Amino acid sequence: MIFHLDQQTFSYGKRSAHSAGPAALSDISLSIKAGEKVALIGPSGAGKSSLLNLLYHNSPLQSAWCPQDGGLVDSLSVYNNIFSGGLERHSTLYNLVNLLRPFAAPRKEIEVLARQLGLRDKLFTSVDQLSGGQRQRVALGRALYRQQPVFLGDEPVSSLDPLQADELLALVLKQHETAIVSLHNRRLALNHFDRIITLRAGRIVFDGPSAGLTMAHLDAMYEVDASGAE
Ligand SMILES: Nc1ncnc2c1ncn2[C@@H]1O[C@H](COP(=O)(O)OP(=O)(O)OP(=O)(O)O)[C@@H](O)[C@H]1O
């Protein structure tokens, strides 16, 4: 079992000396096995990010974490942000020298990755000069360059166009044995994942295989608004 939570409750900070704040996650029981591809869905504030954070802190060493805000270093290039995903594979000296003058081997690996991400021509551009979708692709590149068996992504393709979102989600799922990904786009959840977990107000309200589910089922779980926006 890669992840196992048993009736776990989680609150942010403390409201007072005697009581914790309201629970962001309540009574979460969950087991995820190696090889599973899990989509986490649910309305804004349901607890998806909180659950992903909890899972990441339970297993940081084998997980490639792609947070909602990207977590990029603005002053560094696309190359260096992606390279930072693999810092733990090298010595500090190697990492420092590479920061100033990229070595041939990582440069080749990162060029391949940047091509797959559509960022080949931006490799040495500072990430503060990129669009939201480009930054999101850098964050995906950094997670891919960690080369870990588990991918934990918090809305990792929300700023991409539909074709790119499909392609890059497929790439991420191919390169990680296990993936748990929060998504607002229910079509991506149904098309790419074999298990769907729906959260609402910090509780799991559905956990089951995606096979047999339709968009209408997900919309009902999601309590989608009248506009039907994804
Ligand atoms: N840093 C924080 N401090 C205090 N409360 C927080 C913090 N982050 C989230 N919360 C609260 O925890 C609850 C769950 O939030 P969370 O970010 O996990 O939801 P989410 O499903 O990921 O939402 P979204 O789809 O908008 O990203 C919300 O009620 C939110 O207000």
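Why is strand S6 (residues 178-182) largely enclosed by the rest of the structure? In this predicted model, 5 of the 5 residues of S6 are buried, so the strand is largely enclosed by what surrounds it. The side chains can be followed in turn: Thr 178, Ile 180 and Ser 182 point one way from S6, while Ala 179 and Val 181 point the other way, and all are buried.

A helpful next step is to look at the sheet to which S6 belongs. This open sheet has 6 strands, in the order S4-S5-S6-S3-S7-S8, and its pairing is mixed. Its edges are formed by strand S4 (63-66) and strand S8 (203-209), each of which pairs on one side only. From one strand to the next, the twist averages 15°.

Within this order, S6 has a partner in strand S3 (residues 37-41), and the two pair in the parallel sense over 4 bridges. Here Lys 37 has Ala 179 of S6 as its bridge partner. S6 also pairs with strand S5 (residues 150-154), again in the parallel sense, over 5 bridges. In this pairing, Val 150 stands opposite Thr 178 of S6. Between S5 and S6 the chain passes through helix H6 (residues 162-175), making a β-α-β crossover that is right-handed.

The sheet can then be traced from S5 to the edge strand S4. S4 and S5 run parallel and are joined by 4 bridges, with Trp 65 standing opposite Leu 152 in S5.

Terms used
Residues numbered from 1 in each chain as written. Predicted model: local features only at pLDDT ≥ 70, side-chain atom pairs only at ≥ 80, totals over all residues. Buried ≥ 20, exposed ≤ 12 C-beta atoms within 10 Å, placed from the backbone. Pairing = 2+ DSSP bridges. Right-handed = clockwise from strand over helix to strand, strands pointing away. Axes fitted to C-alpha atoms, helices over the stretch in contact; angles between N-to-C directions.
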